Amino acid sequence: MKNKKLKIGRNDICPCGSGKKFKNCCRNRKKEISLKEEYKNRYGIHLKEPHEIEGIRKCGELLLSIMDDVEKMICPGLKTDEINTFVHNRTVQAGAIPAPLNYRGFPKSVCVSINEVICHGIPSERILEDGDIVNVDITPILDGYYADASKTFFVGTPTRDGEKIVNVAAQSLKRAIEAVAPGATLGDVGWAIQNYAEAQGCSVVREFVGHGVGIDFHEQPQVLHFGKRGKGLPLVPGMVFTIEPMINLGKRDLHVLEDRWTAVTNDGSLSAQFEQTILVTEAGYESLTPYDL
């Protein structure tokens, strides 16, 4: 005979062993949900599984190999469109896709931002000059996974202002990454950047933020580069997001040019940025696009 599934009546003793009636015990207990479900439901955040993290890590390895070769190219006389052509070709040759190309109408495969350009500079016939600083922001898609990182380089001999803003931007990212750990908050990350950069007499751009990444180009959460300690979303293992502080030598005010992409400082001051894709681990953090800062 087949075993029949016993139906528990609401007035029966609860089978959990509490001694209470079923109606006053497990019948009304809400189903427990996992941390992954909670973060998806409450915040729209996709906590990454191990195989997804490995996919993002491999994409990050490709990104860094391209970035290393771009760094070797940087010199006075180089057209920014030559950087675009190189990044595009290297990405495609590796079997990947340049994420920026045609993203919301962006016309190129990489962002190249010079001097007063804060971000989203469109490669063109513009030529790099001695003393410039230039940010190169690369995002490939490899086997469906995204990694995102940028670095600011010196062109030829750096100026004193150029050295200052690049060093402050790099240290801002380093301090932000070191603030990442389970139980920390996004406010801790933003505070680390703001506290350091403003102490150096620089300003933090607020209109552009870091973001979740990995399965898509831009995911939740948004990662502000300013904030207060202990405030904001708690960090948990499996979160993957970019931290990408944009630091200005002058005031933080900006405007976007007629091309609807290029953001520049209002006062013409230099702006620098560094960005890495960060994973929150059980023990702290791992950069999936690691380079020295």
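The exercises below, each with a worked solution, concern a predicted model of one protein.

**Exercise 1. Overall description**

Describe the protein by its secondary structure, dimensions, burial and contacts.

Solution.
Step 1. Begin with the secondary structure: the protein has 5 helices and 17 strands.
Step 2. Take the dimensions along the principal axes: the C-alpha atoms fill a box of roughly 85 × 45 × 35 Å.
Step 3. Turn to burial: of the 293 residues in the protein, 49% are buried.
Step 4. Consider the contacts with a separation of 6 or more: 65% of these are made by residues 24 or more positions apart.
Step 5. Close with the surface and the charges. The exposed area is about 14700 Å², and carbon and sulfur atoms supply 49% of it. The protein carries 36 positive and 38 negative charges, and the mean positions of the two sets are 17 Å apart.

**Exercise 2. Cysteines and disulfides**

Determine how many disulfides the structure holds, and explain why Cys-202 has no bond to the closest cysteine sulfur.

Solution.
Step 1. Search the whole structure: the result is 0 disulfides.
Step 2. Examine Cys-119, which takes part in no disulfide; the nearest cysteine sulfur belongs to Cys-111 and is 7.6 Å away. The cut-off for a disulfide is a sulfur pair within 2.5 Å.
Step 3. Examine Cys-202. The closest cysteine sulfur is that of Cys-119, and because the two sulfurs are 17 Å apart, they are too far from each other for a bond.
Step 4. Add the accessibility of these residues. Cys-119 is buried at 5% relative accessibility, and Cys-202 is buried at 6%.

**Exercise 3. The surroundings of Cys-59**

Locate Cys-59 in the secondary structure, decide whether Cys-59 is buried or exposed, and identify which residues are in contact with Cys-59 beyond its neighbours within four places in sequence.

Solution.
Step 1. Cys-59 belongs to helix 2, which covers residues 50–73.
Step 2. The relative accessibility of Cys-59 is 0%, so this residue counts as buried.
Step 3. With the neighbours within four places in sequence set aside, the contacts of Cys-59 are Pro-140, Ile-141, Leu-142, Tyr-145, Tyr-146 and Ala-147.
Step 4. For one of these contacts, compare sequence with space: Cys-59 and Ala-147 are 88 residues apart in sequence, while their C-alpha atoms are 5.7 Å apart.

**Exercise 4. An aromatic cluster**

Classify the ring pairs that Phe-217 forms with Tyr-103 and with Tyr-146, and state which parts of the chain they link.

Solution.
Step 1. Count the aromatic pairs: the structure holds 4.
Step 2. Treat Tyr-103 and Phe-217: the centres are 4.8 Å apart and the planes are at 55 degrees, which makes a tilted pair. Tyr-103 is in the loop between strand 1 (97–98) and strand 2 (111–114), whereas Phe-217 is in the loop between strand 9 (210–212) and strand 10 (219–223); the two residues are 114 residues apart.
Step 3. Compare their accessibility: Tyr-103 is partly exposed, at 24% relative accessible area, and Phe-217 is buried, at 8%.
Step 4. Treat Tyr-146 and Phe-217: the centres are 6.0 Å apart and the planes are at 25 degrees, so this pair is stacked. Tyr-146 lies in strand 6 (residues 145–146) and Phe-217 in the loop between strand 9 and strand 10, so the pair joins parts that are 71 residues apart in sequence.
Step 5. Assess Tyr-146, which is buried with a relative accessible area of 13%.
Step 6. Combine the two pairs: Tyr-103, Tyr-146 and Phe-217 are linked by ring pairs into a cluster.

**Exercise 5. Backbone geometry**

Characterise the peptide bond from Gln-220 to Pro-221, and describe the phi values of Arg-104 and Asp-143.

Solution.
Step 1. Recall the usual case: most residues other than glycine have a negative phi, and most peptide bonds are trans.
Step 2. Inspect the bond from Gln-220 to Pro-221: omega is near 5 degrees, and the bond is cis. Pro-221 lies in strand 10.
Step 3. Inspect Arg-104, a residue other than glycine with a positive phi near 50 degrees. Arg-104 is in the loop between strand 1 and strand 2 and is exposed, with a relative accessible area of 70%.
Step 4. Inspect Asp-143, which is not a glycine and has a positive phi of about 55 degrees. Asp-143 is in the loop between strand 5 (140–142) and strand 6, and counts as exposed at 65% relative accessibility.

Note on methods:
Residues numbered from 1 in each chain as written. Predicted model: local features only at pLDDT ≥ 70, side-chain atom pairs only at ≥ 80, totals over all residues. Heavy atoms only, no water. Buried < 20%, exposed > 50% of the residue type's maximum accessible area, 1.4 Å probe, protein only. Helix = DSSP H or I, 4+ residues; strand = E, 2+ residues; numbered from the N terminus. Contact = heavy atoms within 4.5 Å. Areas by Shrake-Rupley, 256 points an atom, 1.4 Å probe, with all protein chains shown as cover. Lys, Arg positive; Asp, Glu negative; His and termini not counted. Charge placed at Lys NZ, Arg CZ, Asp CG, Glu CD. Phe/Tyr/Trp six-rings, centres within 6.5 Å; stacked < 30°, edge-to-face > 60°.
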